[in-house]
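Trainee: Hi! I'm new to this one, could you walk me through it?
Mentor: Happy to. Let's put it on the screen and take your questions as they come.

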Amino acid sequence: APPARFAPMGCASSATGADATKKKFHESYRLGRKLGEGAFGQVRLARARLSNEDYAVKIVDVRCRDMSGEPTREADRERVSNTRSEIKVWDAIGSDDYIVSLQASFFEKNLFY
């Protein structure tokens, strides 16, 4: 069997990107196991509900942190701005055989997918 193909990795906002839809992330994808983690988020396996294709999805939590590092209810405006800028870069890059591409984008409850 051929190896699993992981396509998009990037974060996104439902207000940005040509592929953005009004659907919620969890209506379109089922989250799977964690593939990796960084300072601002994690990458997880996600399966498209309609096509059953597997993707890597970057999830970025843009909530402010309290003194103990726990997330608050409010979004950090600078992190939101920086993440939206990253989305624009991924959108501008487009796609190629050897470049990770942004397939879709979502912003829900202070999380970018």
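Trainee: How many aromatic pairs does the structure hold?
Mentor: There are 6 aromatic pairs. Keep in mind as we go that this is a predicted model. One of the pairs is Y29 with Y55, an edge-to-face arrangement with 6.0 Å centre to centre and 90 degrees between the planes.

Trainee: Which strands do Y29 and Y55 lie in?
Mentor: Y29 belongs to strand β1 and Y55 to strand β3, which covers residues 54-61, so their pairing ties together parts that are 26 residues apart in sequence.

Trainee: And are those two buried or exposed?
Mentor: Both Y29 and Y55 are buried. Y29 also pairs with F106, again edge-to-face, at 6.1 Å centre to centre with 85 degrees between the planes.

Trainee: Where is F106, then?
Mentor: F106 is in the loop between α2 (77-93) and β6 (107-108), and this pair links distant parts of the chain, as Y29 and F106 are 77 residues apart.

Trainee: Why does F106 count as buried?
Mentor: Because its relative accessibility is 4%, and the cut-off for buried is under 20%. Y29 meets that cut-off too, so it is buried as well, with a relative accessible area of 14%.

Trainee: Which residues do the ring pairs link into a cluster?
Mentor: The cluster consists of F25, Y29, Y55, F106 and Y113.

Trainee: Nice. Changing topic a bit: which residues make up the largest nonpolar core?
Mentor: It has 10 residues in all: F25, Y29, A46, A48, Y55, V57, I59, A104, F106 and Y113. Two elements, β2 and β3, give two or more residues to this core. The most comes from β3, with 3 residues.

Trainee: What does I59 touch?
Mentor: Leaving aside residues up to four places away in sequence, I59 touches L31, F40, G41, Q42, R44, L111, F112 and Y113. Apart from the largest core lies another one, of 7 residues, with V60, I87, L102 and F112 among them.

Trainee: Let's do the strands now. What's the order in the open sheet?
Mentor: The order is β1-β2-β3-β7-β6, making 5 strands with antiparallel pairing.

Trainee: Which strands stand at the edges?
Mentor: Those are β1 and β6. Each has a single partner strand, so one side of each is left without a neighbour in the sheet.

Trainee: How many bridges join β1 to β2?
Mentor: There are 6 bridges between them, with β1 spanning residues 29-37 and β2 spanning residues 41-48, and the two run antiparallel. Within this pairing, K34 has R44 as its bridge partner, while E37 stands opposite Q42. The connection from β1 to β2 is a hairpin through 3 residues.

Trainee: What about β4 and β5, what do they form?
Mentor: They form a hairpin too, with 5 residues between them, and G69 in the turn has a positive phi of about 90 degrees. β4 takes in residues 63-65 and β5 residues 71-75; 2 bridges join these antiparallel strands. One of the facing residues is R63, whose bridge partner in β5 is A75.

Trainee: Last one: which ring does the charged end of R84 sit over?
Mentor: That would be the ring of F107, with the charged end of R84 placed 5.5 Å from the ring's centre.

Note on methods: Residues are numbered from 1 along each chain as its sequence is written. This is a predicted model: local features need pLDDT of at least 70, side-chain atom pairs count only at pLDDT 80 or more; totals for chains, interfaces and linings use all residues. Side-chain values use heavy atoms; hydrogens and water are left out. Two strands pair if DSSP finds at least two bridges between them. Helices (H or I, at least four residues) and strands (E, at least two) are DSSP runs, numbered from the N terminus. Rings of Phe, Tyr and Trp (its six-membered ring) pair if their centres lie within 6.5 Å; planes under 30 degrees apart count as stacked, over 60 as edge-to-face and the rest as tilted. Buried means under 20% relative accessible area, exposed over 50%, partly exposed in between (1.4 Å probe, protein chains only). A charge sits over a ring if NZ of Lys or CZ of Arg is within 6 Å of the ring centre and within 35 degrees of the ring normal. A nonpolar core is a set of buried Ala, Val, Leu, Ile, Met, Phe, Trp, Tyr and Cys residues joined through side-chain atoms within 4.5 Å. Contact means heavy atoms within 4.5 Å.
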